[in-house]
Amino acid sequence: MSPANLSTKRRWIADLARDKRGTALTLLHHLIDLEWMYEAYELTRKDGATGIDGVTAQAYEASLEANLMGLLDRIKSGRYRAPPVRRTYIPKADGSQRPLGIPTFEDKVAQRAIVMVLEAVYEQDFLPCSYGFRPRRSAHDALRELRGAISRQGQHFVLEVDIRKYFDTIPHHELRAILDQRVTDGVIRRMIDKWLKAGVMEDGSVSYPEAGTPQGGVVSPLLSNVFLHYVLDLWINEWRKRHARGEVILVRYADDFVIGFREESDARRCLADLKERYAKFGLELHPEKTRLIEFGRYAEERRSKRGEGPPETFDFLGFTHISGKTRRGDYTIHRRTSRKKFQAKLADLKDKLSRRRHDDLSLVGAWLQGVLRGWCQYYAVPGNYARLRQFREALQKMWLRALRRRSQRGRRLTWEKFSKLCQRWLPTPKILHPYPNVRFARQHPR
């Protein structure tokens, strides 16, 4: 394989999309060759759950070249049949379950090959306010952008929005119409249609939803981004120019987004218009999770004059955002791990730890160390140190309780002896993410 050749192809697609903005691209599939399929295979996760055929990445790799050549031939000739996704569920922070659709490994490779083409096209169109499932962008970039925008630009009101069952309700006909504006290549569009019609297998029976893109697939995040790019991002840009009296900012990560306003009248009008806009495209705002709050630098002072309590908080990407002040008295936004995420994670760990109660201490210690490190990799932001320590202390208590229940002898385990295990396997958390600064502004210019 030639990485330089693959890079040249992607750059050619990007240049073509940039030069022909607003024009539908009709011929892109000729770039998908065996080399492209190898790259798609390399980018596909090898440790994910298997689909309905039970084929693992290792089994597929046994005859990799023949499998990829056969897959490429079926894609281009139109003979490829997208298998139904296997339905599974994962718990959500509010106690409900999120449905996932697990494609087969070969289907993941095929989706990745098409996504590589579409990504090169739509990265030229997507706006800076979008951060989810995009190259060189992360949730922490979105969090830093939001914190900086509210602090610097003086947003006084925050609209916290939740779309009810977004991935399950995207209307296929509307999605196809949006794709028609940019990509009409026959091979690529035929593959997308097959994935939309593939169906879902649950308890041995297959159903064929008329809306939605199953979460868990490789192509689903990109299609959802494309849909909201047209339905929300471009619309809010035009709405801002036509109707807003003050500054309006949008920060979106996939289907999670927050809109900040300087003027309350703008916020209330935007919320009403947004409901109408979404209704046109078959979407619905969650009535309980969508709310408008007063926030920002002057929220505490204004609410105090009206005899109201402290400013309300809002959650975004796992963090609760709180209006506050630094030790010097300057305005700042404190970010804490949200209570729902914190409690849901501990409940999940308690269940898993009870099943590992009799495992070797070193194995359990290494597992808990990985859990703590993974938690800190995401939540170790400035100002969240107290919550990190709370998480570590909760892990320690759960582990000690589990060890004392192993046997009669385990009940005599003292804290002094147990603390040596903690020093080895559960290191003291450290802040890993920087404050928003100029470097972030250079990486993501608005």
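A residue is taken as buried when its relative accessible area is under 20%. By that cut-off Phe126, at 7% relative accessibility, counts as buried in this predicted model. Tyr122 is buried as well, because its relative accessibility is 0%.

These two residues open a view of the aromatic side chains, among which 16 pairs are counted. The ring centres of Tyr122 and Phe126 lie 5.9 Å apart and their planes meet at 20 degrees, so this pair is stacked. Another arrangement is found for Tyr166 and Phe167: with ring centres 5.3 Å apart and planes at 70 degrees, the pair is edge-to-face. Both partners of that pair are under cover, Tyr166 being buried at 2% relative accessibility and Phe167 being buried at 9%. Elsewhere, one aromatic cluster is formed by Phe319, Phe342, Trp375, Tyr378, Tyr379 and Phe391. Phe342 in this cluster also has a charged companion, since Arg387 lies over the face of its ring at 4.3 Å from the centre. Lys46 is placed in a comparable way with respect to Tyr41, over the ring face and 4.5 Å from the ring centre.

Phe167 leads on to helix α10. Ser220 belongs to this helix, which spans residues 220-243. With 3% relative accessibility, Ser220 counts as buried. Apart from neighbours within four places in sequence, the contacts of Ser220 are Phe167, Thr213, Pro214 and Gln215. Helix α10 lies across strands β6 and β7, and runs at about 175 degrees to β6.

Those two strands are part of an open sheet of 4 strands, ordered β6-β7-β3-β8 with antiparallel pairing. The edges are formed by β6 (248-253) and β8 (291-294), each of which pairs on one side only. From one strand to the next, the twist averages 20 degrees. Between β6 and β7 (residues 256-261), the antiparallel pairing extends over 6 bridges, and Arg252 stands opposite Phe257 in β7. A further helix, α11 (residues 264-280), lies across β3 (157-161), β7 and β8, and its direction is at about 145 degrees to β7.

Strand β1 offers both senses of pairing. In general, the strands of a sheet are held to one another by backbone hydrogen bonds, in either a parallel or an antiparallel arrangement. Strand β1 (residues 85-91) is parallel to β4 (residues 200-202), with 2 bridges between them, and Val85 stands opposite Val200 in β4. With β2 (residues 97-102), β1 runs antiparallel and is joined by 6 bridges. Here Arg86 faces Ile102, standing opposite this residue of β2.

Among the helices, α4 (residues 64-77) packs against α9 (residues 186-196) at an angle of about 100 degrees, with 8 Å between the axes. Angles of 65 to 115 degrees count as roughly perpendicular, and α4 and α9 are therefore roughly perpendicular to each other. The residues that meet are Ile75, Lys76 and Ser77 on the α4 side and Val187, Arg190 and Met191 on the α9 side.

Two more residues round out the picture. Tyr60 is placed in helix α3 (residues 57-61) and counts as buried, because its relative accessibility is 5%. Beyond residues up to four places away in sequence, Tyr60 touches Val55, Asn67, Leu68, Leu71, Phe105 and Glu106. The last of these, Glu106, is 46 residues from Tyr60 along the chain, and the two C-alpha atoms are separated by 7.8 Å. Leu28, for its part, is found in the loop between α1 (3-19) and α2 (34-43). Despite this loop position, Leu28 is buried, because its relative accessible area is 0%. Not counting residues up to four places away in sequence, Leu28 touches Trp12, Ile13, Leu16, Val117, Val121, Val183, Asp185 and Ile188. Trp375, a member of the aromatic cluster described above, is 347 residues away from Leu28 in sequence and 41 Å away in space, C-alpha to C-alpha.

How values were computed:
Residues are numbered from 1 along each chain as its sequence is written. This is a predicted model: local features need pLDDT of at least 70, side-chain atom pairs count only at pLDDT 80 or more; totals for chains, interfaces and linings use all residues. Side-chain values use heavy atoms; hydrogens and water are left out. Buried means under 20% relative accessible area, exposed over 50%, partly exposed in between (1.4 Å probe, protein chains only). Contact means heavy atoms within 4.5 Å. Rings of Phe, Tyr and Trp (its six-membered ring) pair if their centres lie within 6.5 Å; planes under 30 degrees apart count as stacked, over 60 as edge-to-face and the rest as tilted. A charge sits over a ring if NZ of Lys or CZ of Arg is within 6 Å of the ring centre and within 35 degrees of the ring normal. Two strands pair if DSSP finds at least two bridges between them. Axes are lines fitted to C-alpha atoms, for helices over the stretch in contact, and angles run from 0 to 180 degrees between N-to-C directions. Angles under 35 degrees count as roughly parallel, over 145 as roughly antiparallel, 65 to 115 as roughly perpendicular and the rest as oblique.
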